[in-house]
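Biologist: I should be grateful for a close look at a single part of this structure. Please explain it in a manner that a first-year student can follow.

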Amino acid sequence: MGRLLLATSAVVLFLLLVVSAMTTSRVAPEDSQTVHQPAAQDKAGLRTLQARYKALSKQLSQLMPNQPYILVDTARNRLYVKHQEQVVLDAIASTGSGIILDKPGEGHSQWIFDTPRGEFLVKSKLTNPTWIKPDWAFVEEGLAVPQNVADRAEQGVLGEYALGFGKGYFIHGTLYTRLLGKNVTHGCIRLNDSDLKGVYKLARVGTPIMIF
Amino acid sequence: MNLCAILLLLAVTTPSWGKDIEVFPDLNLSNPNELKEATRVLEEELKLAARPQTYLLIDLGGSTIHIKSRGIGLHQIPITAWSTGSRENLKGIHRLVARPSVVRRKIEPGASVEQEPISLADMPADYVLSFSHSLSVTVVPSVASDSLIQSAVLLGKVGWRNVKDWTSRFLTDRSSEPTSYLRLTLSVDHAQSLAWSLVDDMAVVIRRPTDK
């Protein structure tokens, strides 16, 4: 058994060495760009390149937000408010669970409970928000979806503040603080009360939200 | 208003954006080849940073994958090792067209048992990403396991992937359409983190190293 394992490992290692050697040998001919040390006649060209590089770097920096922005790491369930490189607020959050739920009567259509990734803006700031429960909240519990909007309203579950960033997604509070740090939501971003208050104070309508 | 007050006011109100940033801290500003490459990448990145989106900058020179938005580095993933064939084909902006699927758990309406949310551990660590312009990026996990058997299994997988990739490249090189490939070796955690952060149609720009 031990010999078999040893022999298998040897074969695998041999294969790896062979293939790595082939890969390396394929890389080498492509790497034949010659580095020209700047001779006297090249100095002007070098200065032009340096100036171009600096100008482009400056252009890039001008695209960065000129105000605090919200950064959300959905893999590690963290929310930061940053101003340039400085972290102004660091909070444990809960983000989307990634679980799916079939939409009843719509064939293969499904809800996917992911927090959306990309760049968004704070579109609304609410105090004492009311949760208007969407269809999935009823379907998930095996309940009939009410026709009356009033039957969807639920008070006190989103905390004292909510910041909307489009398509029904919010940064809001939670009753389930023990679940902070986990991917448990239907796509919204949950925070505890004090962090939510901090984010509410720091953000304004138009504040960028970067989610990855 | 005295001079001090005016200076203080200027210091507070002057926009802090637009100042020089170090996009590539390892860049040798006296090497024209490095400057040309950095300038090319910056030109590409400026196009991406001008729009609200997250994108990847694979910095082979700095051995780091950057997840970025608006020029801001949101997250960094270190590259353990990498290899490629033709570096020429890595130029330009590539868009993600295919990535590994993730097994998602499904909610059974009305069920009392809660489904386990998706997590980083559900992400693959050994996968292939297909990008536009025939770019294929293979991500393989580095062997850092303390178990001999796990290491042997992983080595076997990576070895088999090497053989498959080499065969594929060997065959592809004979066809009419040029295909470029990049193989990235990441730690298991970082490979899973990258898989988590990818979104459909995500753009990538690659900074190629130049000879020192």
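The answer below concerns the contact between two helices, followed by the chains to which they belong.

Biologist: How do the axes of helix α2 of chain A and helix α2 of chain B cross, and which residues make the contact?

Modeller: This is a predicted model, and the description should be read in that light. Two packed helices are described by the angle between their axes and the distance between the axes. Here the two partners are helix α2 of chain A, residues 43-63, and helix α2 of chain B, residues 32-49. Their axes come within 9 Å and cross at roughly 25°. An angle under 35 degrees counts as roughly parallel, and α2(A) and α2(B) are therefore roughly parallel to each other. Their crossing is left-handed.

The contact itself can be followed residue by residue. From α2(A) come Gly45(A), Leu46(A), Leu49(A), Gln50(A), Arg52(A), Tyr53(A), Leu56(A), Ser57(A), Gln59(A), Leu60(A) and Leu63(A). On the other side, α2(B) contributes Pro32(B), Leu35(B), Lys36(B), Ala38(B), Thr39(B), Leu42(B), Glu43(B), Glu45(B), Leu46(B) and Ala49(B). Sorted by class, the residues of this contact are 12 nonpolar, 5 polar and 4 charged.

One further residue of helix α2 of chain B deserves attention, namely Asn33(B). Is Asn33(B) buried or exposed? A residue is buried if 20 or more other C-beta atoms lie within 10 Å of its own, and exposed if 12 or fewer do. Asn33(B) has 17 other C-beta atoms within 10 Å, so this residue is partly exposed. Between the C-alpha atoms of Asn33(B) and Thr138(B) there are 27 Å, the two residues being 105 apart along the chain.

The helices may now be placed within their chains. Chain B contains 4 helices and 9 strands, and its pattern along the sequence is α-α-β-β-β-β-β-β-β-α-β-α-β. Of its 212 residues, 35% are buried. Another helix of this chain, α4(B), spans residues 188-197 and is mostly covered, with 8 of its 10 residues buried. Among them are His190(B), Leu194(B) and Trp196(B). The buried residues of α4(B) pack against five strands of chain B: β2 (64-69), β3 (72-78), β6 (127-131), β7 (135-141) and β8 (180-186).

Chain A has 4 helices and 15 strands, and 30% of its 212 residues are buried. When contacts between residues at least 6 apart in sequence are considered, 59% of those in chain A join residues at least 24 apart; the corresponding value in chain B is 67%. Helix α4 of chain A, residues 193-202, includes Asp193(A). Asp193(A) counts as partly exposed because 13 C-beta neighbours lie inside 10 Å. Leaving aside residues up to four places away in sequence, Asp193(A) touches Gly159(A), Glu160(A) and Gly173(A). Asp193(A) and Leu158(A) are 35 residues apart in sequence, and their C-alpha atoms are 9.8 Å apart.

Finally, a word on confidence is required. The average pLDDT of chain A is 87, and 81% of its residues score at least 70. Over residues 17-35 of chain A, however, pLDDT stays under 50, although the model has 21 contacts beyond four places in sequence for this stretch. Where pLDDT is low, the predicted coordinates should not be read in detail.

Technical notes
Residues are numbered from 1 along each chain as its sequence is written. Chains are lettered from A and ligands numbered from 1 in the order in which they are written. This is a predicted model: local features need pLDDT of at least 70, side-chain atom pairs count only at pLDDT 80 or more; totals for chains, interfaces and linings use all residues. pLDDT is the predictor's confidence in each residue, from 0 to 100. Two residues are in contact if their C-beta atoms, placed from the backbone, lie within 7 Å. Axes are lines fitted to C-alpha atoms, for helices over the stretch in contact, and angles run from 0 to 180 degrees between N-to-C directions. Helices (H or I, at least four residues) and strands (E, at least two) are DSSP runs, numbered from the N terminus. Angles under 35 degrees count as roughly parallel, over 145 as roughly antiparallel, 65 to 115 as roughly perpendicular and the rest as oblique. A crossing is left-handed if the near helix is turned anticlockwise from the far one by less than a right angle, and right-handed if clockwise. Ala, Val, Leu, Ile, Met, Phe, Trp, Tyr, Cys and Pro count as nonpolar, Asp, Glu, Lys and Arg as charged, and the others, Gly among them, as polar.
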